[in-house]
Amino acid sequence: MSFDEFQNRARLYVIGALEPEETGEFEEARKNFGQQAEDFIVECYNLHEAFALSLRPEKSSEALKDRLMSMVRQRQAK
Amino acid sequence: MDEPAAPHYNTYLSAMDPIETEGVPDLNGAPAPRMPASAPELEPGAPTDLELMQAIQAEDPEALSKLYDRYNGILKALILRVIHNEAEADDLLQEIFMEIWNQAKNFSAQKGKPLGWMVTLARRRAIDGLRKKQAYARAGERLQSETEQQPDAWVHNATEEEITFSDTRILVRRVIDTLPPAQQQAINLAFFRGMSQREIAAKTNTPLGTVKTRLELGLKKIYDGLKELKDEL
């Protein structure tokens with residue numbers, strides 16, 4: 001697999017869209033390309049951020065935050 | 001090579017696909033427009049996301065509170081995009097921020113940015129939630145029904161957070177909107193529904209190889225758009 005092909009697969013990989021039969025070949029190429037492959041995969045995760053930032057934020061209730069912070073403080077107190 | 005954004009692509013788009021396709025220009029071969037490589041700049045003196053994550057790793061609840069204020073709206077929008085249910089989205093959002101608190105020690109800045117880590121975590125939980133729901137209902141009917149009931153989850157009052165992120169959202173949307181509708185649809189189904197290539201092919205009556213090509217081309221264009229801006233900064 002060329003590095004260009006690996007890049008295409010890596011972008012599918014980070015969104016969980018690699019088919020099972022593609023996974024083995026991808027993992028093998030990932031090992032072969034080493035750190036270069038790992039660095040590229042980290043870069044690909046920027047796609048997640050971009051997709052989230054493409055959405056209009058939705059309002060959550062203050063009560064939800066209060067519950068969350070209460071749970072966190074209870075967890076800390078244990 | 002890009003696929004043409006021919007009108008017939010719109011026939012592939014189901015009612016559940018909330019990505020807007022009207023007026024999408026045919027930009028075959030056109031470079032992706034600029035888009036931000038990260039969240040917008042913060043107010044002067046405000047802690048960065050990384051500083052907040054480091055404080056959460058040191059078990060500072062105030063840091064989690066600030067991170068919640070900064071990103072709860074974006075994460076909730078992501079969850080809603082997947083599961084289309086307000087009450088379940090709130091429950092999941094709370095669980096996700098608890099997981100952020102509990103799993104913060106596993107965050108590593110070498111492996112990416114805090115927002116990317118949180119989005120990855122939130123998406124996984126939301127898709128898990130969706131799959132659990134689908135276990136109790138026939139997936140197709142359920143998704144179709146929910147979308148018809150809530151076709152526009154984007155209508156709401158503007159919040160401070162929304163205003164802060166609006167420029168970023170517009171830029172990101174701009175690059176996504178340049179993709180041919182069929183590519184948008186494939187990415188939407190893969191990212192926001194957690195569908196495999198085969199599931200997308202079945203849902204859209206499209207050959208598997210075509211689905212793969214659409215995903216690869218669309219993701220590459222978005223990736224290149226991100227990278228282009230990052231390289232210029």
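This is a short talk on a predicted model of two chains, A and B, and how they meet.

Hi everyone, and thanks for having me. Please keep in mind throughout that we are looking at a prediction.

Let me begin with chain B. Chain B has nine helices and zero strands, so if you walk along its sequence you simply read α-α-α-α-α-α-α-α-α. Of its 233 residues, 39% count as buried. For those of you who think in contact maps, take the contacts in chain B with a separation of 6 or more: 75% of them are between residues 24 or more positions apart.

Now to the contact between the chains. How many residues does each chain bring to the contact? Chain A gives 34 residues and chain B gives 55 residues. On the chain A side, four helices each supply at least two residues: α1 (3-14), α2 (20-44), α3 (46-53) and α4 (62-77). The largest share, nine residues, comes from α4(A). Sorted by class, the side of chain A that touches chain B has 18 nonpolar, seven polar and nine charged residues.

Let's stay with α4(A) for a moment. Two packed helices are described by the angle between their axes and the distance between the axes. Here α4(A) packs against α3 of chain B, residues 86-103, at an angle of about 35°, and the axes are 10 Å apart. The crossing of these two helices is right-handed. From α4(A), the residues making this contact are L64(A), R67(A), L68(A), M71(A) and V72(A). From α3(B), they are D90(B), L93(B), Q94(B), F97(B), M98(B) and W101(B). By class, that contact divides into eight nonpolar, one polar and two charged residues.

V72(A) deserves a closer look. This valine is found in helix α4 of chain A. Is V72(A) buried or exposed? V72(A) is buried, because 20 other C-beta atoms lie within 10 Å, and 20 is just enough to reach the cut-off for buried. Setting aside its neighbours within four places in sequence, V72(A) is in contact with P61(B), L64(B) and W101(B). Within chain A, the C-alpha atoms of V72(A) and F51(A) are separated by 29 Å, with the two residues 21 apart along the chain.

Next, the core. In soluble globular proteins, nonpolar side chains tend to be buried together. The largest nonpolar core in this model has 67 residues, and those touching the most other members are L47(A), L75(B), L78(B), I79(B) and A190(B). Helix α2 of chain B, residues 61-83, gives the most to this core, with 13 residues. Domain 1 (44-155) and domain 2 (157-233) of chain B each put in at least three residues. As for I79(B), its contacts beyond four places in sequence are A89(B), L92(B), L93(B), A122(B) and A126(B).

Finally, two residues for the backbone enthusiasts. Neither is glycine, yet H84(B) has a positive phi, near 55°, and N205(B) has a positive phi near 55° as well. H84(B) lies in the loop between α2 and α3 of chain B, while N205(B) sits in the loop between α8 (197-204) and α9 (208-232). What about their surroundings? H84(B) is buried, because 22 other C-beta atoms lie within 10 Å. N205(B) is exposed, because 8 other C-beta atoms lie within that 10 Å.

That's my tour, and I'm happy to go back to any part of it.

How values were computed: Residues are numbered from 1 along each chain as its sequence is written. Chains are lettered from A and ligands numbered from 1 in the order in which they are written. This is a predicted model: local features need pLDDT of at least 70, side-chain atom pairs count only at pLDDT 80 or more; totals for chains, interfaces and linings use all residues. Two residues are in contact if their C-beta atoms, placed from the backbone, lie within 7 Å. Ala, Val, Leu, Ile, Met, Phe, Trp, Tyr, Cys and Pro count as nonpolar, Asp, Glu, Lys and Arg as charged, and the others, Gly among them, as polar. Axes are lines fitted to C-alpha atoms, for helices over the stretch in contact, and angles run from 0 to 180 degrees between N-to-C directions. A crossing is left-handed if the near helix is turned anticlockwise from the far one by less than a right angle, and right-handed if clockwise. A residue is buried if 20 or more other C-beta atoms lie within 10 Å of its own, exposed if 12 or fewer, and partly exposed in between; C-beta atoms are placed from the backbone. A nonpolar core is a set of buried Ala, Val, Leu, Ile, Met, Phe, Trp, Tyr and Cys residues joined through C-beta atoms within 7 Å. Domain bounds come from an automatic or database domain assignment.
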